[in-house]
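User: Hello! I am new to this structure and would like to get to know it step by step. Could you take me through it?

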Amino acid sequence: QVQLVESGGGLVQAGGSLRLSCVVSGSIFIRIGGMGWYRQAPGKQRELVASISSGGITNYADSVKGRFTISRDNAKNTVYLQMISLKPEDTAVYYCNAERAKDYWGKGTLVTVSS
């Protein structure tokens, strides 16, 4: 029904930047809907860090406001998460999720931020 493929993670030092990408495969109905980026650190619950609506309205968790930017390119069926000023506490596996297919998850991409 839907496939989500995240990429762009890696190892970066504190203060560095990364851009994550999520390619969404599925119906236009699913792809055009709201999207979110989540992250899950070891031993912790998965948390929503950023979302973007079908109309382009964005929301961010307080912990990432001013540092992360979510965007989308519907022509490429891709959602991005630009991350700057990364902190060690940002270390997690990052996942994207479609609001209209919320039970489906990709394998995620690991972001590791060293001190």
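Analyst: Here are some questions and answers on this predicted model.

User: Which residues form a disulfide, and how many disulfides are there?

Analyst: Cysteine sulfur atoms count as a disulfide when they lie within 2.5 Å. One pair has its sulfur atoms 1.7 Å apart, and the count comes to one disulfide. The residues are Cys22 and Cys96.

User: Is that disulfide right-handed or left-handed, and why?

Analyst: The handedness follows from the torsion about the S-S bond of Cys22 and Cys96. That torsion is about 55°, so the disulfide is right-handed.

User: How many residues apart in sequence are the parts that Cys22 and Cys96 tie together?

Analyst: Both cysteines, Cys22 and Cys96, are buried. Cys22 belongs to strand S3 (residues 18–26), while Cys96 belongs to strand S9 (residues 92–98). The pair therefore ties together parts whose separation in sequence is 74 residues.

User: Let's turn to charges. Which residues are linked in a network of salt bridges?

Analyst: The whole structure has four salt bridges. In one of them Arg39 meets Asp90 at 2.9 Å, N to O, and in another Arg67 meets Asp90 at 2.7 Å. The network of salt bridges links Arg39, Glu47, Arg67 and Asp90.

User: Where do Arg39 and Asp90 lie, and how many residues apart are they?

Analyst: Arg39 and Asp90 are both buried. Arg39 sits in strand S4 (residues 35–40), and Asp90 sits in the loop between strand S8 (78–83) and S9. Their salt bridge links distant parts of the chain, and the separation is 51 residues.

User: Is Asp62 buried or exposed?

Analyst: Asp62 forms a salt bridge with Lys65, with 3.1 Å between the closest N and O atoms. A residue counts as exposed when its relative accessible area is over 50%. Asp62 has 64% relative accessibility, so its class is exposed.

User: Which residues have the most contacts inside the largest nonpolar core?

Analyst: This core has 29 residues. Among the elements that give two or more residues to the core are strand S1 (2–7), strand S5 (47–52) and strand S10 (109–114). Tyr94 is in contact with Leu20, Val49 and Phe68, among others. The residues with the most contacts inside the core are Met35, Trp37, Leu81, Met83 and Tyr94.

User: Now the aromatic rings. Is the pair of Tyr38 and Trp105 stacked or edge-to-face?

Analyst: The structure holds two aromatic pairs. For Tyr38 and Trp105, the ring centres are 5.0 Å apart and the planes stand at 80°. Planes over 60 degrees apart count as edge-to-face. The pair of Tyr38 and Trp105 is therefore edge-to-face.

User: Which residues form one aromatic cluster?

Analyst: Tyr95 and Trp105 also pair edge-to-face, at 6.2 Å centre to centre with 85° between the planes. Tyr95 is buried, with a relative accessible area of 12%, whereas Trp105 is partly exposed at 34%. The cluster is formed by Tyr38, Tyr95 and Trp105.

User: The charged end of which residue sits over the ring of Trp105?

Analyst: For an Arg, a charge over a ring requires CZ to be within 6 Å of the ring centre. One charged end sits 4.3 Å from the centre of the Trp105 ring. The face of Tyr95 also has a residue over it, at 3.8 Å from the ring centre. For both rings, that residue is Arg46.

Methods:
Residues are numbered from 1 along each chain as its sequence is written. This is a predicted model: local features need pLDDT of at least 70, side-chain atom pairs count only at pLDDT 80 or more; totals for chains, interfaces and linings use all residues. Side-chain values use heavy atoms; hydrogens and water are left out. Helices (H or I, at least four residues) and strands (E, at least two) are DSSP runs, numbered from the N terminus. Buried means under 20% relative accessible area, exposed over 50%, partly exposed in between (1.4 Å probe, protein chains only). A salt bridge is a side-chain nitrogen of Lys or Arg within 4 Å of a carboxyl oxygen of Asp or Glu. A nonpolar core is a set of buried Ala, Val, Leu, Ile, Met, Phe, Trp, Tyr and Cys residues joined through side-chain atoms within 4.5 Å. Contact means heavy atoms within 4.5 Å. Rings of Phe, Tyr and Trp (its six-membered ring) pair if their centres lie within 6.5 Å; planes under 30 degrees apart count as stacked, over 60 as edge-to-face and the rest as tilted. A charge sits over a ring if NZ of Lys or CZ of Arg is within 6 Å of the ring centre and within 35 degrees of the ring normal. Lists of a residue's contacts leave out its neighbours within four places in sequence.
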